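Please look at the sequence and the three-dimensional structure below, and keep both in view while reading. The paragraphs that follow lead through rings, strands and enclosed spaces in turn.

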Amino acid sequence: MSLFKTVAPLLLVLSLTACGGGGGGSTPAPDPTTVPPLGTQCLSGSVARLALPTTASAGRNQELAVVACPGSRLDTVQWRQTDGAALALSSARSQALSLAPAAAGRYAFNVDFTDAKGASYSGSAEINATAPGASTLLIRGEPSVWAGGQTSLRAWVDGLAVADYATGRVHWSRVDGPEVNLGDSNQWRVIFTAPAVTEDSLLRLRAEATLADGRSLTQEFSLLVQATPPAAASPLFGSGNLPSRVYPYVAGGAHVAELRECIYTPALSNNNLCTLGRLSILGTETRGELPTVEQVMARVLVSNDWMGQRFEAFLREQDTNGDFRRLLNATTAIVIGGRVRPAFYWSATGAIYLDADYLWQTAAERDTVSEAPDPRSDYGSDLAYTMLWRYVQGNKSAGGRTSVLERASRDSAALIPNLGRLLYHELTHANDFLPPRVQLLLNTGLRVYEAVPSNTASEQLRSQLPFYSQEMVDLGRVQFFGAASTALQRSYQPADIVRFFSSDRVTDDYSYSWPAGQSVPREDTAMLAEEALMQLRHGVLRDVAVTPQLASGASSADLVVSWGQRGRIGDAAIKPRVALVLAQTMPWLPAGFTNGLAAPTQLRAGLSWGQNLDQGALALGVVKPLSAAERALEADLDSQRRGSRKAAALAR
C-alpha cells in the first residue's frame, strides 16, 4: 500500500543530473544516462522522487519535498528559488520546504542533493499559485522530522484576532501516510511523535476549523517523516534524548567531517567518541586567545540556516566584552536545533546543545521551532511548594515572550535575558570541566571527559565553600530527575523550604541538582556564574522566591510569596563562592569583579509574586498590580520555568 497518494503535480521536474561525489573509490558514481529523471514516482534505479502540491493558493501553505526512494538515503540538500516573488526558504538545506506565497504567480526552484554514498544530483520544480480566497486557514511548522522525533504543527486563520482563537474549534486528523497518534487533536497546536518508519514517508494531516461566526475552514499539511540514519547498537543519544537532523552551518568549514561524525548523530556511542586529536576544543585552535566570530561559526551545527545567522549576529552585536567567545574556547562545537530540548552541555562530546527557541527573532523563524514541551516539566508537581525565579531589569520582567498568536518579532538585544543567561550557564559547565588553565595542555589522545583535570571549580567549591542542606538535595532529585517523592517531602510546607534554603549559600534550588553517583554538584557552579554575569555585565537582576505549589491552570503572578530576594547573588555569604568560580572559569575578568554585586533586596512576604515585581513602587508604599501585558509575560515565564529545568550537565 502506498504511503502517499500520487497525483498529477503542477509541474513534473524535467531534468536530473548526477555526478561522482566524495563517497570513496569503492562506490562508483551513477551513470547519468541510467538515472531516471527526478519525477513524482520512484522508478527502477531512482534515488529520490519529488512530492509536490496538487493545487496551490496564495496565502496557504504548500509543501515540496525530495523523498528518498526505498533503499536510498539522502545526505546534503540545497533548495534555491529561481523564479517568482522572493520567498523565505527557512528550511532550504533540508529535504522539505513549506511555503506560503503572499501573491498569485509562478514560483520555480532548483534542488541539489547528495546521497549517502556521496553522489550528487539536481532537479527542478515549480508551483503556480492562484489568487488567495476571502478567508484562509494555513498550517505552520517544520516540514520534516526524523522518525520517532517529537514535533508540532499549528493552525492559523488569516486575520483572526488573538482573542477569537479561544472561541473557535479545530480538529486534526490523518489523511494519508503512516499511522500516527496525534494525542490531543482538538487544539490549534498539535504535538505528536513522528511514526517509526524505515524509509522516507509522507504523512498528510488535515486541520478543520470552525469559527465563532460559523465559518468552516480546512487545510492540509504534508510532513516528510525521514528514516533515521543508521544508529549504533548502544547510541549515545538514545531513548528520551533522540537527536534531530542538523548540519554544519559553514558548508565548506575546516571541521565539517568532524562535526558531522563526532557531535550529534545516531551512530555515536561510547565506543566511538572522538578524541581531542580528531576534534579539538576551540581553545586549541585559538591558543587561548579571544576567538573570532568566524572561528566560532565554523564549529556550529544547525537544523535551519536562520539559527546560525541569528547566533552569529548575537555574537557580533551583543558579545561586546568577548565573554561568550572566550567561554566557547572550552567547547568542541555548538549545536542549535528546533527540537533540542532541554539545552545542555555534555562532556562526552565537549559540545553545547542549544534550543533554537532562544534565538528566533521573527514569527516565521519561531514557526520552525517545535512547541513540544520538555518531558521533565511536571517533575515535583506533588510537592506542597514551588520555587519561582525571573530576571528583572528596571523593575520589569526581562525575558518573557509575547504569545505565539501575536506573531511578534524581537531584536538581538531582547535575546540577552534568555540566551545570555543560558550561554553563561552552559559555558560555565564547559569551563568547569576544561578550565582555561588546562586548555593548552590537553592530551590529544584523550576524549573530552577523559581530559577533565582534578580540582575543578565545582570540586573546589564543594571542598572549600559547600552548601549544607541535604533536604534540598533530596528534593532536587525529585524535581530535576523524576525521583518519587516521599511522604515526608510531600509534607514540607513553604515555611520548611524557607528554613532549608534561606540559611544556605546557594542562589536557586537548581543548585541542588545533584544526581546520585556524581562526585560533586555541577549546577551550583553554573548558577553562581549565570546570575553574577547577568547582573554585572547586563544590569539584569534575578528574583527567587518560595511560594505554595502552582495549581494547574493558575498563574504564578497570584502566588503569595513566603520568602524571596532580588539579587541573592550579592549576599555576603555567597559572594566568596562566586569569586572562586569566576577565578577558575573566567580568569580574564578584572580583580575585584564581584565587588560590584549589589546587596540583595528582600521581597515582601504576604504579597503576591506579581505585586513583588515593582520594588521601586513598593519602596514608596505603592502596591502595583500587574498589567494585562505583564501578566501575559508572566504566563510565558511560567512555561519557561517548567520547561527549562534539565538534568545536570552530563559527564562521562
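A residue is called buried when its relative accessible area is under 20%, and exposed when that value is over 50%. The model shown here is predicted, and with the cut-off in mind we can begin with one of its aromatic residues. Tyr 165 has a relative accessibility of 6%, and therefore counts as buried. Trp 188, with a relative accessible area of 10%, is buried too.

These two residues also belong together in another way. A pair of aromatic rings is described by the distance of the centres and the angle of the planes. There are 19 aromatic pairs in the structure, and one of them is formed by Tyr 165 and Trp 188, whose ring centres lie 4.9 Å apart with 85° between the planes, an edge-to-face arrangement. Tyr 165 is found in the loop between strand 10 (150–157) and strand 11 (169–176), while Trp 188 sits in the loop between strand 11 and strand 12 (189–193), so their pairing ties together parts that are 23 residues apart in sequence. A further edge-to-face pair is made by Trp 389 and Tyr 391, because their ring centres are 6.3 Å apart and their planes stand at 70°; both of these residues are buried. Elsewhere, ring pairs join Phe 237, Tyr 264, Phe 344, Trp 346 and Tyr 353 into a cluster. Rings can also have a charged residue over the face: Arg 140 lies over Trp 156, at 5.2 Å from the ring centre, and Arg 462 lies over Phe 467, at 5.0 Å from the ring centre.

Trp 389 leads us on to the strands. Strands of a sheet pair through backbone hydrogen bonds, either parallel or antiparallel. The bridge partner of Trp 389 in strand 22 is Val 544, and strand 20 (residues 385–393) pairs with strand 22 in the antiparallel sense over 8 bridges. Strand 22 also pairs with strand 23 (residues 563–566), again in the antiparallel sense, over 4 bridges, and here Asp 543 stands opposite Arg 566 of strand 23. Of the 8 residues of strand 22 (residues 541–548), 6 are buried, which means that this strand is largely enclosed by the rest of the structure.

An open sheet of 5 strands can be followed in the order 15-16-17-19-18, and its pairing is mixed. Its edges are strand 15 (247–248) and strand 18 (344–346), each of which pairs on one side only. Within this sheet, strand 16 (residues 300–302) and strand 17 (residues 333–337) run parallel and are joined by 3 bridges, with Ile 336 of strand 17 as the bridge partner of Val 302.

Where, finally, is empty space left inside the structure? Rolling a probe the size of a water molecule over the atoms shows where such space is left. A search of the whole structure finds 6 cavities of 30 Å³ or more, and the largest has a volume of about 130 Å³. It is lined by 15 residues, of which Glu 142, Ser 144, Arg 245, Ser 303 and Arg 339 are the closest to its centre. By class, this lining has 3 nonpolar, 9 polar and 3 charged residues, and strand 9 (residues 144–146) gives the largest share of it, 3 residues. The second largest cavity, with a volume of about 60 Å³, is lined by residues including Cys 262, Leu 273, Thr 332 and Val 448; its lining has 6 nonpolar, 3 polar and no charged residues.

Notes. Residues numbered from 1 in each chain as written. Predicted model: local features only at pLDDT ≥ 70, side-chain atom pairs only at ≥ 80, totals over all residues. Heavy atoms only, no water. 1 Å grid on protein atoms, 1.4 Å probe; cavity = no way out; pocket = protein on both sides within 12 Å on 5 of 7 lines; lining within 4 Å. Points joined across faces, edges and corners; volume = space filled by probe spheres on them. Helix = DSSP H or I, 4+ residues; strand = E, 2+ residues; numbered from the N terminus. Nonpolar A, V, L, I, M, F, W, Y, C, P; charged D, E, K, R; others polar. Phe/Tyr/Trp six-rings, centres within 6.5 Å; stacked < 30°, edge-to-face > 60°. Buried < 20%, exposed > 50% of the residue type's maximum accessible area, 1.4 Å probe, protein only. Lys NZ or Arg CZ within 6 Å of the ring centre and 35° of its normal. Pairing = 2+ DSSP bridges.
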